[in-house]
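Open your viewer and get ready to select residues one stop at a time. We will walk through the model together.

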Amino acid sequence: MKDFSHPLFDDYFWYPKLASTSNQALKLIQDRSVHGHFLVVADVQTNGRGRKGATWFSPGGGIWLTTAFYDLPEQSTLTILIGNCIHQALVEVFPEIADDLLLKWPNDVMLSGLKIAGILTEQFPALNYTLVGIGIDSNVQNIPSEIAVISTSLSIFTGKEVDNVQILTKVFETLARNLPGYLENGINDSVKYHNRFSFLRDKQIEIMTDFGSYSGFCRGLNREGAIILEMDSGLRQPFFSGSINIHSAD
C-alpha cells in the first residue's frame, strides 16, 4: 500500500519492511519529523507487538499499521471505539460473513471464533500523541500451526484474495464518522455496539490482572467500558484491563 491517503491524516509513511510500525511512529515523533495526525504502514513487520509484550505475526499480505493522533484527549476506551470501527468496516465490505464477525474485549476482532484483527493503544502524554497499532489478517497465508489454532485470515476464510486498500479506506471512513461523537459524548454508543456483537458475553471466562485471576461469567461492558464479571457469589465486578481466557465446556 505504497500510495494511500485519507483526510484523517496529515501525513502517510509506507515501508516495505519494519520491525514495528508503532516503534517507527514513535521515532518520527521524537525526531520531530511529523506534525498532526499521521499514519505508518508496513507491508511486513519483523517484530510486531501485541499486548503484554506478545509478538504479532505480521508477514506479507496483511494490514500492519499505526495511527498517530495528535492532541487527542487521553481516553482509556479508545481501543473499544477502534475495534468497533474495524468490525463495522469488515461487515460492510464482507456482508456474507457478517454473522461470523464478533468483538472480543479488550482489543480483538474475531472471525468464526478465531482472531482476525487486533489493536494496541499507547498514550504518550509528554509528546501529546496517542498511538494505535492495528493488525488485520487480510491476505495472510501459511499461518504457523501454533498460531492457526487461535487466528485465521480473511483470505483463508473466504477462499479469495481481498482488497487491502478497500478495507483500510472503509476502516478510516468509519472512524471519521464515529470519532467526533465519541470525543463529544463519550463511550456510551461504543459500549452498546460492542455489547451487541460481543464474543464473550455470557461465556465463562477467566480474567488475569496485575492483582490476580478471577473467574465467572461475562455480562458485557458497563457504561464506562469495563467488562463485568459475575462471580459464583453473584457479585458483579467491573474490570478495566486484563487478559482473557475462555473456559471450555465440560
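**Stop 1: a pair on a helix**

Select E173 and K170: they sit 3 residues apart in helix α5, so about one helical turn separates them. (Helices, H or I of at least four residues, and strands, E of at least two, are DSSP runs numbered from the N terminus.) Before going further, note that this is a predicted model, where local features need pLDDT of at least 70 and side-chain atom pairs count only at pLDDT 80 or more, while totals for chains, interfaces and linings use all residues. Residues are numbered from 1 along each chain as its sequence is written, and side-chain values use heavy atoms, leaving out hydrogens and water.

Now show the two side chains. They meet in a salt bridge, 3.6 Å from N to O; the term means a side-chain nitrogen of Lys or Arg within 4 Å of a carboxyl oxygen of Asp or Glu. Side chains of opposite charge can pair when their charged atoms come close. E173 is partly exposed, at 31% relative accessible area, and K170 is partly exposed too, at 22%. (Buried means under 20%, exposed over 50%, and partly exposed in between, using a 1.4 Å probe and protein chains only.) Add E92 and R177, and you have a network of salt bridges linking them with K170 and E173.

**Stop 2: the whole helix**

Select residues 164-185 to see all of α5, 22 residues reaching 31 Å from the first C-alpha to the last. Look at N178, where α5 bends by about 35° (the angle between axes fitted to the seven residues ending there and the seven starting there), with the proline P180 following within four residues. Just past the helix comes G186, whose phi is positive, near 90°.

**Stop 3: the inside**

Which residues of α5 are buried? Among them are I167, L168, V171 and F172. Click on F172: leaving aside neighbours within four places in sequence, its contacts (heavy atoms within 4.5 Å) include F4, L39 and L65. F172 is also one of four residues, with I86, L154 and I227, that touch the most other members of the largest nonpolar core, which has 57 residues. Such a core is a set of buried Ala, Val, Leu, Ile, Met, Phe, Trp, Tyr and Cys residues joined through side-chain atoms within 4.5 Å.

**Stop 4: two strands**

Finish with R219 and E230, a salt bridge with its closest N and O atoms 2.9 Å apart. R219 lies in strand β10 and E230 in strand β11, so the pair ties together parts 11 residues apart in sequence. E230 also forms a salt bridge with R236, at 3.0 Å between the closest N and O atoms.

Methods:
Expected span 1.5 Å × (residues − 1).
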